[in-house]
Amino acid sequence: MKKVAIIRCLDVSMRCAGASCMKSFNSHTVKFERYGDEELELFASLTCNGCGQTVENDAGLKKKLDRLAEEPVDVVHFSSCTNKKDKDNPELKKRCPWVEKMKDYLESKGVEVVYGTHH
């Protein structure tokens, strides 16, 4: 059984219940298709600590990410909401720079990272 964690955006969490992430996880669709029929355990579903927060300046964020690595989870999915619309070109989406820092930290701890959940 593969242990999975999902991390979503703090800003988006103010208006999103996370239902589409959970639906995709439970039905093994979209970004969870990669697991085929493999049994998955949703080990953690958490929210980032907000824009500008990194493991260097936020002990709470570091503690959360370290916990994922120490358990260990097999893979962390960054929710689809962590791709932000470009202010100058709303058709273009780009990855959140704070998520990139979390990704790098998790990978340095040996945790696999996947971008996306339900689109």
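**Entry 1: the loop between helix 2 and strand 2**

I began with His28, which I located in the loop between helix 2 (19–27) and strand 2. The model I am reading is a predicted one. I looked up the backbone of His28 and noted a positive phi of about 55°, although the residue is not a glycine. Val30 is found in the loop between helix 2 and strand 2 as well. Its phi is near 50°, again a positive value in a residue other than glycine. I recorded both because most residues other than glycine have a negative phi. I then asked whether Val30 counts as buried, partly exposed or exposed. Its relative accessibility is 36%, and Val30 therefore counts as partly exposed, since that class lies between the limits of 20% and 50%.

**Entry 2: the loop between helix 3 and strand 3**

I next examined the peptide bond that joins Glu71 and Pro72 and found it to be cis, with omega about -10°. I noted this because most peptide bonds are trans. Pro72 lies in the loop between helix 3 and strand 3.

**Entry 3: helix 3 against helix 4**

I turned to the packing of helix 3 (residues 59–70) with helix 4 (residues 97–108). The angle is about 45°, and the axes are 10 Å apart. The two helices are therefore oblique to each other. I recorded the crossing of helix 3 past helix 4 as right-handed. Which residues make the contact? On helix 3 they are Leu61, Lys62, Leu65 and Asp66, and on helix 4 they are Met102, Tyr105 and Leu106. By class I entered five nonpolar residues, two charged and no polar ones.

**Entry 4: the nonpolar cores**

I looked up the largest nonpolar core and found that it has 21 residues. Ile7, Leu65, Leu68, Val76, Phe78, Met102 and Leu106 have the most contacts inside it. Two or more residues each come from strand 1 (2–8), strand 2 (40–47), helix 3, strand 3 (75–78), helix 4 and strand 6 (112–115). I also noted a second, separate core of nine residues, with Ile6, Leu40, Val75 and Val114 among them. As background, nonpolar side chains tend to be buried together in soluble globular proteins.

**Entry 5: the surroundings of Phe78**

Finally I listed what Phe78 touches, leaving out residues up to four places away in sequence. The list holds Ile7, Val99, Met102, Lys103, Leu106, Val113, Val114, Tyr115, Gly116 and Thr117. Of these, I had already entered Ile7, Met102 and Leu106 among the residues with the most contacts inside the largest core, and Val114 as one of the second core.

Definitions and conventions:
Residues numbered from 1 in each chain as written. Predicted model: local features only at pLDDT ≥ 70, side-chain atom pairs only at ≥ 80, totals over all residues. Heavy atoms only, no water. Axes fitted to C-alpha atoms, helices over the stretch in contact; angles between N-to-C directions. Helix = DSSP H or I, 4+ residues; strand = E, 2+ residues; numbered from the N terminus. Parallel < 35°, antiparallel > 145°, perpendicular 65-115°, else oblique. Left-handed = near helix turned anticlockwise from the far one by under 90°. Contact = heavy atoms within 4.5 Å. Nonpolar A, V, L, I, M, F, W, Y, C, P; charged D, E, K, R; others polar. Core = buried A, V, L, I, M, F, W, Y, C linked by side-chain atoms within 4.5 Å. Buried < 20%, exposed > 50% of the residue type's maximum accessible area, 1.4 Å probe, protein only.
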